Amino acid sequence: MTIQNIVLVLSGKGGVGKSTVSAELALTLSAHPFNKRVGILDVDLTGPSMPRILGLQGKQVHQGSAGWVPVFADDRTRRLSCMSIGFLLKNPDDAVVWRGPKKNAMIKQFIEDVAWGDLDYLIIDTPPGTGDEHISLGEHLRDLKPNGAVIVTTPQNVAIADVRKELSFCRKVSFPVIGIVENMSGYVCPHCAECTNIFSKGGGEALAREHGVPFLGCIPIDPSLVSLIESGNENGGGGEVRVGDAAADGGRTDGLKQGRRRFCDVFGESALAPLFRDMAEKVRKSCEGTVE
């Protein structure tokens with residue numbers, strides 16, 4: 001088993017869309033034109049959301065001879081796999097009430113005992129803040145030498161203030177910063193495609209300039225993709241939605257084929273896909289040492 005590149009997705013603030021960015025970055029790297037083998041490790045132990053985002057609720061991991069076998073999000077190509085404590089809970093609504101030592105042991109097991117196979121990229125989705133999980137990651141990843149961190153923020157000052165602390169954390173634990181993403185940077189109307197800056201704009205880019213780190217781009221809110229996650233689960237589809245139904249798809253029927261499909265099946269056809277391809281190329285250049 002070899003893992004070529006390890007990328008952490010961090011933020012000092014909760015609710016900035018860090019898990020969604022992690023999933024969309026992983027989906028982009030695993031698809032054309034990158035076609036990479038990608039694993040997503042969800043270490044948000046008390047709020048695992050990756051099974052829901054990827055439409056993998058109800059799936060289980062299995063114990064193999066080499067360790068835990070992750071769950072594949074794409075059974076056809078098997079280029080995207082995921083590991084989350086959400087797969088280990090008997091009931092997805094069960095609370096994980098653990099102190100630091102047990103969290104540390106779980107993260108150690110995730111890093112050492114998951115049989116990923118050969119990966120081009122391991123994307124690690126982390127909880128907000130700089131707590132036990134982050135300290136454990138710093139310790140257990142030290143010998144693996146992660147490529148760095150993608151920092152996610154939203155444009156408003158209250159989020160920027162907390163993200164500054166995350167940049168300080170990265171310096172203290174020697175995680176290189178690959179770049180900053182400004183998420184929720186505007187709202188794309190599903191009817192006219194006009195983008196409105198409901199949370200202001202430019203805070204993430206200004207923060208990147210202030211700290212001398214790359215800016216990876218602005219990502220607006222796309223209500224059609226929100227519906228793919230939310231509506232599908234409300235209908236019992238485990239992250240699926242009947243694409244092409246205007247009521248279920250935020251009013252959008254353009255460009256997305258009819259039929260019941262998951263978020264990870266249709267993301268590549270969404271309006272955000274080109275933005276993430278540009279971001280993924282910047283991440284790839286940073287990780288593979290081809291920054292211009």
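pLDDT is the predictor's confidence in each residue, from 0 to 100. Over the chain it averages 86, and 88% of the residues score at least 70. The model is predicted: local features need pLDDT of at least 70, side-chain atom pairs count only at pLDDT 80 or more, and totals for chains, interfaces and linings use all residues. Residues are numbered from 1 along each chain as its sequence is written, and side-chain values use heavy atoms, without hydrogens and water.

**Confidence**
- Residues 232–259 have pLDDT under 50 throughout, and the model gives this stretch 69 contacts (heavy atoms within 4.5 Å) beyond four places in sequence.

**Helices H5 and H6**
- Helices here are DSSP runs of H or I with at least four residues, numbered from the N terminus.
- The axes (lines fitted to C-alpha atoms over the stretch in contact, with angles from 0 to 180 degrees between N-to-C directions) of H5 (residues 157–172) and H6 (residues 203–211) come within 11 Å and cross at roughly 35°.
- H5 contributes Ile160, Val163, Arg164, Leu167 and Arg171 to the contact, and H6 contributes Gly203, Gly204, Leu207, Glu210 and His211.
- This contact of H5 with H6 has 4 nonpolar, 3 polar and 3 charged residues, where Gly counts as polar and Asp, Glu, Lys and Arg as charged.

**Cysteines**
- The whole structure has 0 disulfides (pairs of cysteine sulfur atoms within 2.5 Å).
- Cys218 is in no disulfide, and its nearest cysteine sulfur, that of Cys195, is 9.2 Å away.
- Cys82 is buried (under 20% relative accessible area, 1.4 Å probe, protein chains only) at 0%.
- Cys218 is partly exposed (between 20% and 50%) at 24% relative accessibility.

Note on methods: Helices (H or I, at least four residues) and strands (E, at least two) are DSSP runs, numbered from the N terminus.
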